[in-house]
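Hi everyone, thanks for making time. I'd like to walk you through a structure that's probably new to most of you, so let's get it up on the screen.

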Amino acid sequence: MEVERGDRPIVRHVSRVGYVTKVIGKRKSGRVKRNINMKPPKVPMALQQLFLTCRDVFNGPGTIPLPHHVNKLRLILDKMKAEDVGLSSDLQFFNPTNVVKGTPPRVTHTTIYECTNFSLCIFFIPASGVIPLHNHPGMTVFSKLLLGKMHIKSYDWVDQPAVSNDKDVHSFRSSSQLGLAKLKADSVFTAPCNTSVLYPTTGGNIHAFTAITPCAVLDVIGPPYSKEDGRDCSYYKDHPYSSFSNGFKYEVEEGESTCYAWLEEIEMPEDSQMDGIEYLGPQIMETSC
Ligand SMILES: [Fe+2]
């Protein structure tokens with residue numbers, strides 16, 4: 001998912017989301033410093049453990065964590081709470097008094113940590129906010145819903161030719177970037193719930209989030225998006241299987257058509273741009289071993 005940087009000023013985390021411990025002040029020059037009158041927040045053990053495990057588990061682009069590493073990371077995330085990243089359900093973001101109707105609420109994003117092998121991010125999605133269908137090329141992603149209730153829809157590409165030899169069908173597919181995908185998840189999740197994991201070709205690599213109540217989602221992404229390394233984010237619109245099934249050779253079993261959809265690659269929807277904000281929660285300690 002692309003996060004707007006540069007043109008749009010970074011929004012202060014405290015003004016958009018809030019944090020339990022506010023210990024970071026900003027100089028006029030824009031450099032960040034700690035308030036010397038306050039002790040830095042103690043790193044919650046779970047967050048530090050998550051970071052250290054990520055360092056072991058993610059070996060860089062082109063690799064997928066081993067099954068026992070996936071389980072280790074999943075167990076840590078399953079136990080993690082909003083408080084571990086400085087959040088609380090009492091914060092105003094999760095209890096909005098004025099909900100502006102008519103305009104799609106913007107999603108906010110913050111990065112706890114990022115290196116070439118992995119990143120730890122939080123997405124704040126206001127009620128009725130949407131992160132549209134998008135992919136994670138070559139990535140393994142762990143998603144942990146920390147707070148709120150949201151609908152998740154996810155797909156995986158069908159791993160076999162989805163088009164006939166018909167010339168028209170070929171040109172239709174290549175011009176509109178249409179492909180067949182199988183539905184992996186289409187349900188509502190309420191925090192606290194277990195971690196979901198997606199892989200480069202399985203587990204629901206293409207997914208969409210729609211917040212029912214204000215949500216906070218912690219994502220562990222390895223490796224992170226990188227345009228330069230061919231891991232750019234693409235967006236999709238899903239069409240029912242019945243919309244284009246005529247002319248395509250891929251036949252799904254009777255009664256299973258609702259498990260499939262055609263995904264059309266689209267430009268990033270304008271109203272889905274995100275605001276990047278500063279992370280003000282507990283900081284990770286980068287130890288050498
Ligand atoms: Fe995603």
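Let's start in the middle, with the largest nonpolar core, which has 57 residues. Inside that core, the residues with the most contacts are Ile122, Ile125, Ala216 and Val217. Before I go on, please keep in mind that this is a predicted model.

Take Ile122 from that group. Leaving out anything up to four places away in sequence, Ile122 touches Val85, Thr110, Ile112, Ala216, Val217 and Leu218.

Okay, let's step back to the whole chain. There are 5 helices and 15 strands in the protein chain. The chain has 289 residues, and 32% of them count as buried. And if you take the contacts with a separation of 6 or more, 81% are between residues 24 or more positions apart.

Now for a couple of individual residues. Leu120 sits in strand E5, which covers residues 119–125. Is Leu120 buried or exposed? It counts as buried, because Leu120 has 24 C-beta neighbours inside 10 Å, and the cut-off for buried is 20 or more. Its contacts, again not counting residues up to four places away in sequence, are Ile112, Tyr113 and Val220. Leu120 also gives us a nice pair with Pro224: they're 104 residues apart in sequence, but C-alpha to C-alpha the distance is 9.1 Å.

Next up is His136, and this one is in a loop, between strand E6 (130–134) and strand E7 (140–147). His136 is buried too, since 24 other C-beta atoms lie within 10 Å. Which residues does His136 touch, not counting those up to four places away in sequence? Those are Val141, Leu198 and Asn205. With Asn205, the C-alpha atoms are separated by 6.0 Å, and the two residues are 69 apart along the chain.

Last stop, a pair of helices. H2 is residues 45–57 and H3 is residues 67–79, and their axes come within 10 Å and cross at roughly 165°. Angles over 145 degrees count as roughly antiparallel, so that's how H2 and H3 run relative to each other. The crossing of H2 past H3 is left-handed. On the H2 side, the contact is made by Ala46, Gln49, Leu50, Thr53 and Val57, and on the H3 side by His69, Lys72, Leu73, Ile76, Leu77 and Lys79. Sorted by class, the contact of H2 with H3 comes to 6 nonpolar, 3 polar and 2 charged residues.

That's my tour, thanks for listening.

How values were computed
Residues numbered from 1 in each chain as written. Predicted model: local features only at pLDDT ≥ 70, side-chain atom pairs only at ≥ 80, totals over all residues. Helix = DSSP H or I, 4+ residues; strand = E, 2+ residues; numbered from the N terminus. Buried ≥ 20, exposed ≤ 12 C-beta atoms within 10 Å, placed from the backbone. Contact = placed C-beta atoms within 7 Å. Core = buried A, V, L, I, M, F, W, Y, C linked by C-beta atoms within 7 Å. Axes fitted to C-alpha atoms, helices over the stretch in contact; angles between N-to-C directions. Parallel < 35°, antiparallel > 145°, perpendicular 65-115°, else oblique. Left-handed = near helix turned anticlockwise from the far one by under 90°. Nonpolar A, V, L, I, M, F, W, Y, C, P; charged D, E, K, R; others polar.
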